[in-house]
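Open the model in your viewer and keep the selection panel at hand. The stops below say what to select next and what is there.

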Amino acid sequence: MTFDLEYNSERDHLIIPEYGRHIQKLINHCIALETKEERNIMAKAIVDVMGNLQPHLRDVPDFKHKLWDQLHIIADFQLDADSPYEIPSKEELIEKPKKMDYPKSASRYRYYGNNIQTMINIALTWEEGEKREALVFTIANHMKKCYLNWNKDTVDDAVIFKHLYDLSDKEIDLRESKERLSESKNLLRKRSSQGQSNHKNNPKVKSNYSNNKYRKK
C-alpha cells in the first residue's frame, strides 16, 4: 500500500489563510470546470460556505459583496463566473495607497493637543463678555491639566497664560490677570480619583475585593 504524502513546502501558497486550504482547492476546481453554468453554481456554493466559515462578516455592511471579492482574490482573478457585484481588478488590489502628508496644523505645544487649539479658535469668534471670559478660563484650566499630564510635577499659571497668549496669536492675554487657575494638586487629585473609581468599577476588582473580604472573616 502506498500513500501520496503532501508536504507543506510543496503546497500552493494560501492567498487568504483564514479560509483554509480546502476552500482554495474548491476554488481551483471551480476554475477548471468546463462550462460557465457549472462554474456559476459552484461559485455560489463556495460563497455560502465562506460565509459560514466567517460568521462575523454578517455584521459587516454588504458582507456578500466582500465574500465575492475574496472569492476572486483567492482565484487570482482567473475565475470566469457571473458575479452579482463588479469584479475587482488585480491592478486595483496591488495599487499602493497615496502618501499621506504629515499634518501641518500641529500645535506649537504638542502636549496640549489639537483640540485645545480648536477651542481657542472658537473662543476668538465669541463676543467679549462674561461667557467668553468663562470659556477662556475653562480652556486655561484644561491646558494646565494637559500640561500636568505631560509633566507630572507642577506648573505656574504664568506659563499657561503665556502659552495661551502664543496659541491665540496674541489675541487672548491673561498675563496680567489676577485670577488664579485651579491648584495643581486639585487637578492631580481629580485625575487620581477618576482612576481609582474606574478601578473600583471594574467587575474583576469587585470580585477580588469581595473574595478577600470573606477570607478575612
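Start with Arg-175 and Tyr-165, shown as sticks: in this predicted model, the charged end of Arg-175 lies over the ring of Tyr-165, at 3.7 Å from the ring centre.

Now zoom out to the whole chain in cartoon. The protein has nine helices and zero strands, so every element you pass from the N terminus on is an α-helix under the DSSP assignment. Of the 217 residues, 29% are buried. The exposed area is about 16,400 Å², and carbon and sulfur atoms supply 50% of it. Among contacts with a separation of 6 or more, 51% are between residues 24 or more positions apart.

**Helix 5**

Select residues 113-125, which form helix 5. Which residues of helix 5 are buried? They are Ile-116, Gln-117, Ile-120 and Ala-123. Look down the axis of helix 5: these buried residues fall within an arc of 120° and therefore line one face of the helix. Turn to the face directed away from the buried side, and you find the exposed residues Asn-115 and Thr-125. Next add helix 6 (130-150) and helix 7 (157-167), which are among the parts covering the buried residues of helix 5.

**The aromatic cluster**

The whole structure contains six aromatic pairs. Select Tyr-111 and Tyr-147: their ring centres are 5.4 Å apart and the planes stand at 90°, so this pair is edge-to-face. Tyr-111 is in the loop between helix 4 (90-94) and helix 5, whereas Tyr-147 is in helix 6, so the pair ties together parts 36 residues apart in sequence. Are these two tyrosines buried or partly exposed? Tyr-147 has a relative accessible area of 12% and is buried, while Tyr-111, at 23%, counts as partly exposed.

Keep Tyr-147 and add Trp-150. The ring centres of Tyr-147 and Trp-150 are 5.3 Å apart with planes at 80°, so this pair is edge-to-face too. Both residues belong to helix 6 and are three residues apart, about one turn of the helix. Adding Tyr-109 and Tyr-112 completes the cluster that ring pairs form with Tyr-111, Tyr-147 and Trp-150.

**Salt bridges**

The structure holds 10 salt bridges. Select Lys-36 and Asp-80, whose closest N and O atoms are 3.7 Å apart. This salt bridge links distant parts of the chain: Lys-36 is in helix 2 (residues 36-53) and Asp-80 in the loop between helix 3 (63-74) and helix 4, 44 residues apart. Lys-36 is partly exposed at 34% relative accessibility, and Asp-80 is partly exposed at 43%. Extend the selection to Arg-39 and Asp-82, which are linked with Lys-36 and Asp-80 in a network of salt bridges.

Move to Lys-64 and Asp-48, which meet in a salt bridge with an N to O distance of 3.0 Å. Lys-64 is in helix 3 and Asp-48 in helix 2, so the pair ties together parts 16 residues apart in sequence. Lys-64 is partly exposed, at 30%, and Asp-48 is partly exposed, at 42%.

For the last stop, select Lys-162 and Asp-166, a salt bridge with its closest N and O atoms 2.7 Å apart. Both lie in helix 7, four residues apart, about one turn of the helix. In an α-helix with 3.6 residues a turn, residues three or four places apart point the same way. Asp-166 is buried, with a relative accessible area of 15%, whereas Lys-162 is partly exposed at 38%.

Conventions: Residues numbered from 1 in each chain as written. Predicted model: local features only at pLDDT ≥ 70, side-chain atom pairs only at ≥ 80, totals over all residues. Heavy atoms only, no water. Helix = DSSP H or I, 4+ residues; strand = E, 2+ residues; numbered from the N terminus. Buried < 20%, exposed > 50% of the residue type's maximum accessible area, 1.4 Å probe, protein only. Contact = heavy atoms within 4.5 Å. Areas by Shrake-Rupley, 256 points an atom, 1.4 Å probe, with all protein chains shown as cover. Arc of directions from axis to C-beta. Phe/Tyr/Trp six-rings, centres within 6.5 Å; stacked < 30°, edge-to-face > 60°. Lys NZ or Arg CZ within 6 Å of the ring centre and 35° of its normal. Salt bridge = Lys/Arg side-chain N within 4 Å of Asp/Glu carboxyl O.
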